[in-house]
Amino acid sequence: MDLNPQDLLAEAAAAADAATTLDQIQAVTGQFLGKKGQLSEAKKQLGALDPEARKAAGQELNETRQRLQDLLDARRLVLQSAERAAQLEGERLDLTERLTELQRGHLHLVTQARDRLEDVFVGMGYHVAEGPEVETAWYNFEALNIPEWHPARGSFDTIFVEMGEPESVMLRSHTSPVQIRTMENQEPPIYIVAPGRTFRTDTADATHLPAFNQIEGLVVDRGVTMGDLAGTIDAFVKAFFGGEVKSRLRPSYFPFTEPSAEFDISRADGSWLELGGCGMVHPNVLRNCGIDPDIWQGFAFGFGIDRLAVMRYQLDDIRELVNNDVRFLRQF
Ligand code: DAH
């Protein structure tokens, strides 16, 4: 028999190694194990041998076929898994890339300012209080020492709601009614801030919005003085704006405080900017809430949060806060 199994196996091993695709290994397999392969040819010659030699040669051919088969199978498995890996790699979706493309939002700058204000006052031991946006004349005016005949009532540019007696129900024109609601429900000592939405008939312009935000502060305790008020405002201003900014009080008038003041903060150019109103809670206001002014004293303050945001971020138009232009909002 003119077949050398060692040579044949070596030849097949080399051809299998040279094959780099499943198609190629398929072809190599056909070449060595197919009907026209050397092995099949050798098998045909077996018949010419005598029985003894035929048996030995047949056995050798079978062994050789088996070893060829194993060798080619092993190579096919390697190529198969390589092709599968390449296919998977090609179909892979890069999800991390997708994630970084998505833009995350953030809190509106008025909300940020409000949160910071709350943080500063909570840090000084205050609680956060809330009240309704629709109020009665009692809470918005009367209990705050602004009777119906009072000229200050006109200065609030109130938006009334058509319910009950004319001008008896309204959108609150300041957060001061929360002072009354708190004192009605809580025994002194009281230390609260009350942020929230307020409304006036103002037409929107660069410095006004008809719906805006205020924050109210109220302290009721024994032996509270104007000095405590000034110190509190100064501490707040430093905590909110940083150490450089100074504050001052200027005499003013509000029906619900006596004495009353407006408070200003210093600007980089040395000028002063009005931030809000404050004063010692008027004895009538304490009495209206069932609190004895001979035992308890209080101070209060209130100012606009939107204006504070305008100042802090140096905006030139307060309407930017409600235009909802994301190109603007994204900057903060
Ligand atoms: N409520 C006043 C306003 O909206 C602001 C204000 C002034 C609030 C003096 C106070 C205060 O608590 O004591 O104009």
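This report describes the strands, the ligand site and several local backbone features of a predicted model.

## Strand E10 and its partners

Strand E10, which spans residues 297–304, has seven of its eight residues buried, so the strand is largely enclosed by the rest of the structure. Strand E6, covering residues 211–221, runs antiparallel to E10 and is joined to it by eight bridges, and within this pairing Ile-215 stands opposite Phe-303 of E10.

Strand E9, made up of residues 272–281, also pairs with E10 in the antiparallel sense, here over five bridges. In that pairing Phe-301 of E10 is the bridge partner of Cys-278. As background to these pairings, strands of a sheet pair through backbone hydrogen bonds, either parallel or antiparallel.

## The ligand site

The ligand sits in the largest pocket, and 15 residues surround it, of which His-174, Ser-176, Arg-200, Gln-214 and Glu-216 come nearest. The strands described above also take part in this site, since E6, E9 and E10 each supply at least two residues of the shell around the ligand.

The side chain of Arg-200 places an N or O atom 3.0 Å from an oxygen atom of the ligand, and the side chain of Gln-214 likewise has an N or O atom 3.0 Å from a ligand oxygen. From Phe-301 the contribution comes through the backbone, where an N or O atom lies 3.3 Å from an oxygen atom of the ligand. The protein covers 92% of the 360 Å² of accessible area that the ligand has on its own.

## His-174 and its surroundings

His-174, one of the residues that come nearest to the ligand, lies in the loop between strand E4, residues 169–171, and helix H8, residues 177–185. With a relative accessible area of 3%, His-174 is buried, because a residue counts as buried when this value is under 20%.

Two polar contacts involve the side chain of His-174. A polar atom of this side chain lies 3.0 Å from the backbone oxygen of Asn-140, while the side chain of Ser-176 makes a polar contact with the side chain of His-174 at 3.4 Å.

## The three-stranded sheet

Strand E4, which precedes the loop that holds His-174, belongs to an open sheet of three strands, arranged in the order E2-E4-E3 with antiparallel pairing. Strand E2, at 134–136, and strand E3, at 159–160, stand at the edges with a single partner strand each, so that one side of each is left without a neighbour in the sheet. Two bridges join the antiparallel strands E3 and E4, and Phe-160 stands opposite Met-170 of E4.

## Helix H11 and a contact across the sequence

Helix H11 comprises residues 305–312, and its buried residues include Ile-305, Asp-306, Leu-308, Ala-309 and Val-310. The C-alpha atom of Ile-305 is 6.7 Å from that of Arg-114, although the two residues are 191 positions apart along the chain. Arg-114 itself is placed in helix H6, residues 109–123, and counts as partly exposed at 25% relative accessibility.

A contrasting pair is formed by Arg-92 and Lys-35, which are 57 residues apart in sequence and 42 Å apart in space, from C-alpha to C-alpha. Arg-92 lies in the loop between helix H4, residues 51–91, and helix H5, residues 95–101, and counts as exposed at 59% relative accessibility.

## Backbone exceptions

Most residues other than glycine have a negative phi, and most peptide bonds are trans. Against this background, Pro-188 and Pro-189 are joined by a cis peptide bond with omega of about 5°, and Pro-189 lies in the loop between H8 and strand E5, residues 190–199. A cis peptide bond also joins Glu-258 and Pro-259, with omega of about -5°, and Pro-259 is located in strand E8, residues 257–266.

Asp-157 is not a glycine, yet it has a positive phi of about 45°; its place is in the loop between helix H7, residues 137–140, and E3, where Asp-157 is partly exposed with a relative accessible area of 33%. Gln-314, just after H11, takes a positive phi of about 50°. This residue lies in the loop between H11 and helix H12, residues 320–323, and Gln-314 is exposed, with a relative accessible area of 70%.

Technical notes:
Residues are numbered from 1 along each chain as its sequence is written. This is a predicted model: local features need pLDDT of at least 70, side-chain atom pairs count only at pLDDT 80 or more; totals for chains, interfaces and linings use all residues. Side-chain values use heavy atoms; hydrogens and water are left out. Buried means under 20% relative accessible area, exposed over 50%, partly exposed in between (1.4 Å probe, protein chains only). Helices (H or I, at least four residues) and strands (E, at least two) are DSSP runs, numbered from the N terminus. Two strands pair if DSSP finds at least two bridges between them. A residue is near a molecule or strand if one of its heavy atoms lies within 4 Å of it. A polar contact is a pair of N or O atoms within 3.5 Å; within protein, one must be able to donate a hydrogen and the other to accept it, and residues adjacent in sequence count only if both atoms are side-chain atoms. Accessible areas come from the Shrake-Rupley method with a 1.4 Å probe; for residues, only the protein chains shown count as cover. On a 1 Å grid over the protein atoms alone, a cavity is a set of points where a 1.4 Å probe fits but cannot get out, and a pocket is an open set with protein on both sides within 12 Å along at least five of seven lines; lining residues have an atom within 4 Å of a point. A molecule sits in a cavity or pocket if more than half of its atoms lie within 2 Å of its grid points.
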